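Here is a guided walk through one protein chain, written to be read with the structure open beside you. Let us start from a single residue and work outwards.

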Amino acid sequence: MAPSEPRNAPSGNSAASGNTELRFTVDGVAMVRLLGPDDRYLSTVEAAYPQVDVHVRGNEVTLSGSAGDVAAVRRLIEELQLALRTGHDLGETEVATSARMLAADSSVSPSAQLGAPILTARNKSIRAKSIGQKDYVDAIDDNTIVFGIGPAGTGKTYLAMAKAVRALQNKEVERIILTRPAVEAGERLGFLPGTLTDKIDPYLRPLYDALGEMLDPELIPKLLAAGTIEVAPLAYMRGRTLNASFVVLDEAQNTTPEQMKMFLTRLGFGSKMVITGDVTQIDLPAGTSGLKLVTRVLDGIDDIHFAYLTSADVVRHSLVGRIVDAYTEYDAQKQALRQETAEAREFATRGPQRTSASGRTPKRSSS
């Protein structure tokens with residue numbers, strides 16, 4: 001990148017408002033990688049800095065706006081270039097996250113903060129794509145048991161599985177165990193034909209799908225057959241001690257308190273556990289979620305970490321984050337309405353109680 005010196009914009013109105021124009025060229029990076037498909041990354045930059053006009057012609061970029069905002073956008077573009085040069089795969093999430101990080105602290109380097117890839121598999125680098133994800137991944141390195149709690153699309157299970165595969169490749173553990181409760185998502189599927197494996201496979205399919213993205217498809221059956229990787233329903237964990245294992249419990253919001261206790265006490269020597277779930281999507285027919293309860297029971301215990309992800313960490317379609325926020329707002333309003341109704345009901349019952357306590361009986365009107 002070869003930036004020119006800032007100069008005052010020629011237009012009278014812009015000059016009066018103190019606007020600055022800055023032109024620079026982008027070198028060493030293909031513009032399509034920097035701007036994104038259909039200029040989506042450019043649109044993300046413009047959304048983060050609506051007060052700056054960004055014009056691109058060939059590999060020349062022109063920024064117009066206040067000096068501070070222009071400098072911020074220039075810094076952001078430099079960071080995106082650096083990320084591309086160091087092997088990062090940019091997406092709209094990474095661009096938005098980088099903008100937020102620089103807005104919070106202009107001295108940080110988003111490309112360095114997000115760190116090296118966790119795993120490189122099938123010509124694809126898997127890495128943290130937000131600040132929350134980076135904290136979550138770091139917590140897995142630093143703690144024996146980590147709870148990843150957050151909405152759909154925040155990469156809770158995917159990143160945990162990437163860490164598990166990396167630990168297996170580095171011979172830090174001898175096996176990977178992936179498990180989840182076999183709970184139907186609000187549907188009654190009835191009798192399922194086939195063997196026991198055929199019956200439980202549909203519940204475990206998301207775990208198999210993630211494995212297929214991280215390992216050679218031809219290698220997975222061999223690892224499964226050898227027991228190096230095990231994918232099993234949570235019920236199969238009872239009575240076991242899991243030594244030298246990286247254990248991932250997915251969909252933990254659908255565990256009962258008894259199941260959660262049973263699972264956590266399977267921990268053996270040389271093992272790590274990562275428990276992931278979304279407390280807003282509980283499919284249990286009744287009773288308390290084990291994931292909700294454990295946040296109160298185990299809070300503050302050393303070597304156990306609770307990582308909370310939010311809609312800002314969603315790495316799926318940009319609409320997913322907005323959907324999560326909309327449902328969160330709706331749930332908050334519903335909770336407030338329930339609280340208001342409960343308080344009104346309690347207030348209504350206080351009148352007769354006070355009258356009874358005073359020993360006076362209300363006068364009845366004669367007809």
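Which residues does threonine 276 touch, not counting residues up to four places away in sequence?

## Starting point: threonine 276

Please keep in mind that this is a predicted model. Threonine 276 has its place in strand E12. Leaving out residues up to four places away in sequence, threonine 276 touches Tyr136, Gly148, Lys156, Thr157, Leu249, Asp250, Glu251, Ala252 and Gln253.

Is threonine 276 buried or exposed? With a relative accessible area of 0%, threonine 276 is buried.

## The chain as a whole

Stepping back, the chain holds 13 helices and 13 strands. Of its 367 residues, 41% count as buried. If you take the contacts between residues at least 6 apart in sequence, 69% of them join residues at least 24 apart.

## The open sheet

Strand E12 belongs to an open sheet of six strands, and the order to follow on your screen is E10-E9-E11-E12-E8-E13. The pairing in this sheet is parallel. From one strand to the next, the twist averages 15°.

Why is one side of E10 and of E13 left without a neighbour in the sheet? E10 and E13 (304–308) stand at the edges and each has a single partner strand, so one side of each has no neighbour there.

## Edge strand E10

Although E10 stands at an edge of the sheet, it is mostly covered: five of its five residues are buried. Ile229, Val231 and Pro233 point one way from the strand, while Glu230 and Ala232 point the other way.

E10 pairs with E9 in the parallel sense, over five bridges. Two of the partnerships are easy to pick out: threonine 179 has alanine 232 of E10 as its bridge partner, and arginine 180 has proline 233 of E10.

## Two nonpolar cores

The largest nonpolar core has 36 residues, and those touching the most other members are Tyr136, Leu178, Leu211, Ile229 and Phe246. Two of these names are already familiar: Tyr136 is among the contacts of threonine 276, and Ile229 is one of the buried residues of E10. At least two residues of this core come from each of E6 (119–121), H7 (131–142), H8 (156–169), E9 (175–180), H9 (196–214), H10 (219–226), E10 (229–233) and E11 (245–249). Which of the elements gives the most to this core? It is H8, with eight residues.

A second, separate core has 29 residues, including Leu22, Val54, Leu80 and Ala99. Back in the largest core, leucine 178 makes a good landmark. Setting aside its neighbours within four places in sequence, leucine 178 is in contact with Met161, Leu207, Leu211, Glu230, Val231, Ala232 and Val248.

## Leucine 119 in strand E6

Leucine 119 lies in strand E6 and counts as buried, at 3% relative accessibility. Not counting residues up to four places away in sequence, leucine 119 touches Lys124, Ser125, Ile126, Ala162, Val165, Arg166, Gln169 and Met214. Leucine 119 and alanine 167 are 48 residues apart in sequence, and their C-alpha atoms are 9.9 Å apart in space.

## Helix H11 and its partners

Now turn to H11, which lies across E8, E9, E11 and E12 and runs at about 155° to E12. Met260, Met262, Phe263 and Leu264 are buried in H11. The helix's buried residues pack against E8 (145–149), E9, E11, E12 (272–277) and H12.

How do H11 (257–264) and H12 (290–297) meet, and at what angle? They pack at about 60°, with their axes 8 Å apart. The crossing is right-handed. Pro257, Met260 and Leu264 of H11 make the contact with Gly290, Leu291, Leu293 and Val294 of H12. By class, this contact has six nonpolar residues, one polar residue and no charged ones.

## A hairpin to finish

Elsewhere in the chain, strands E4 (53–57) and E5 (60–66) run antiparallel and are joined by five bridges. Histidine 55 stands opposite threonine 62 in E5. The two strands form a hairpin with two residues between them, and glycine 58 in the turn has a positive phi of about 65°.

Technical notes:
Residues are numbered from 1 along each chain as its sequence is written. This is a predicted model: local features need pLDDT of at least 70, side-chain atom pairs count only at pLDDT 80 or more; totals for chains, interfaces and linings use all residues. Side-chain values use heavy atoms; hydrogens and water are left out. Two strands pair if DSSP finds at least two bridges between them. Helices (H or I, at least four residues) and strands (E, at least two) are DSSP runs, numbered from the N terminus. Axes are lines fitted to C-alpha atoms, for helices over the stretch in contact, and angles run from 0 to 180 degrees between N-to-C directions. A crossing is left-handed if the near helix is turned anticlockwise from the far one by less than a right angle, and right-handed if clockwise. Contact means heavy atoms within 4.5 Å. Ala, Val, Leu, Ile, Met, Phe, Trp, Tyr, Cys and Pro count as nonpolar, Asp, Glu, Lys and Arg as charged, and the others, Gly among them, as polar. A nonpolar core is a set of buried Ala, Val, Leu, Ile, Met, Phe, Trp, Tyr and Cys residues joined through side-chain atoms within 4.5 Å. Buried means under 20% relative accessible area, exposed over 50%, partly exposed in between (1.4 Å probe, protein chains only).
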